[in-house]
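Trainee: Please take a close look at the salt bridges in this model. I should like to know where their partners sit and how exposed they are.

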Amino acid sequence: MQQGQGEGVIKAMSSARDAESVAQDLARQLIHPHLGFVLFFCSATYDLDALGQALEQYFGGVTLVGCTTAGEITPLGYGRNCVSAVGFDHRHFSVACELIDEMERFSLIDAQQLVERLINDCRSNSLAPIKDHSFALTLLDGLSSREEVVLAALSAAFGRIPHFGGSAGDDNYLARTYVYHGGRFHSGSAVVVLINTWLDFEVFTTHHIEPREERLVVTRADSNARRVHELNAEPAAQAYAELIGVPVEALDFALFAAHPLAVRINDRYYVRSIQKVNDDLSLSFYCAVENGIVLTAMRPGPLLPNLQAQFARIEAHLGEPLLTIGCDCFLRRLEAEASGDLDAVAEFLRSRQVIGFNTYGEQCNGVHLNQTFTGVAIGRPGRHGRR
């Protein structure tokens, strides 16, 4: 059954387990004469080869882009082991997309040429001026360790075009993550989508993490591998476990979510989430961490009030959103599960028309983030707000 519809977009989901049934479900809910583009987010537990082929078969000439997740945000709130999707009407949205198939080789020149092609594709539809009427979405392989390099190049090329995105997940297995483009799933790759629209929108990011007094200094790290070997000249896992008052063997996702670390830049804190403890007591992170940086111990504040305040600010000038594409760090979802707030957060996301996924990292205007809710809110037709 179709789940949620507004002028310009149609939301959909499927919890079927076999690939063909998923493709049938989504096609039945989304396909209409003006469908121009489909964005989807799916569990990595599917047979991805079969799913890619089925989607290509059932959607024919419609362009589809997507990625695997660490949990889905559906028209009904949070989902697991399902597919969440949104279809865009070409009368409201001009969309262009490209695949970066080798993230490790992506350069500034590549980024400039890619962005120029995307702009030319969108401009050819004569929907709205590119300036002030376009935003970009990036979906990156969440285990590539190349997000910062790719984002820096893209940010320089996009200039004043706002952009956001998320790093693909794999249901917390930390094995392989995928993006979808051109009828199949790709690992070690990224998808860049430029969306041009005459509707009002706002790209945003928010987090609920607050600083504590304690600090840890990175005294030995492999920044390319995002691996910290020593904090305060101690084995990294040992120093972190001592900081939060638990034995090393107790460290897990839930504790990483409850006791984040962050880098302070000017007056803002940027969380550097821990991915895992390694056998040598080093810590792997989801973001790059350099030798010599100071990591501030952080504590989560109230998650739902922070989200409510963020959307209140957005709605003050956009009105009630037609659609919000949300990239929600998977550690936030784990925290909500642990605190018993999951249903309340899920209901709030549903009420704000959020379609999206739980990520292994978020991106906003060239910066790689952790433990945030980042996205774009799109206003309804007929509402002329300010951005």
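Mentor: The side chains of Arg-264 and Asp-267 meet in a salt bridge, with 3.4 Å from N to O; the term denotes a side-chain nitrogen of Lys or Arg within 4 Å of a carboxyl oxygen of Asp or Glu. The model is predicted, so local features require pLDDT of at least 70 and side-chain atom pairs pLDDT 80 or more, whereas totals for chains, interfaces and linings use all residues. Residues are numbered from 1 along each chain as its sequence is written, and side-chain values use heavy atoms, leaving out hydrogens and water.

Asp-267 counts as exposed at 65% relative accessibility, while Arg-264 is partly exposed at 47%. Here buried means under 20% relative accessible area, exposed over 50% and partly exposed in between, with a 1.4 Å probe and protein chains only.

In total, the structure holds 16 salt bridges. In another of these, the closest N and O atoms of Arg-380 and Glu-320 are 3.6 Å apart. This pair links distant parts of the chain, 60 residues apart: Arg-380 belongs to the segment after β27, and Glu-320 to the loop between α7 (303-318) and β23. Helices (H or I, at least four residues) and strands (E, at least two) are DSSP runs, numbered from the N terminus. Both partners are partly exposed, Arg-380 with a relative accessible area of 29% and Glu-320 with 46%.

A further salt bridge lies in helix α9, where Glu-347 and Arg-350 are 3 residues apart and hence separated by about one helical turn. Their closest N and O atoms are 2.6 Å apart. Glu-347 is partly exposed at 40%, as is Arg-350 at 34%. Arg-80, Arg-333 and Glu-337, in turn, are joined into one network by salt bridges that share partners.

Arg-333 leads to helix α8, among whose buried residues are Arg-333 itself, Arg-332 and Glu-335. With 7 of its 10 residues buried, α8 is largely enclosed by the rest of the structure.

The surroundings of this helix include strands β23 (residues 321-329) and β24 (residues 354-359), which run parallel and are joined by 6 bridges; strands pair if DSSP finds at least two bridges between them. Helix α8 (residues 330-339) packs on the sheet and touches β5 (72-74), β6, β14, β23, β24 and β27 (373-379), contact meaning heavy atoms within 4.5 Å. Just after α8, Gly-340 has a positive phi of about 80°.

Definitions and conventions:
Axes fitted to C-alpha atoms, helices over the stretch in contact; angles between N-to-C directions.
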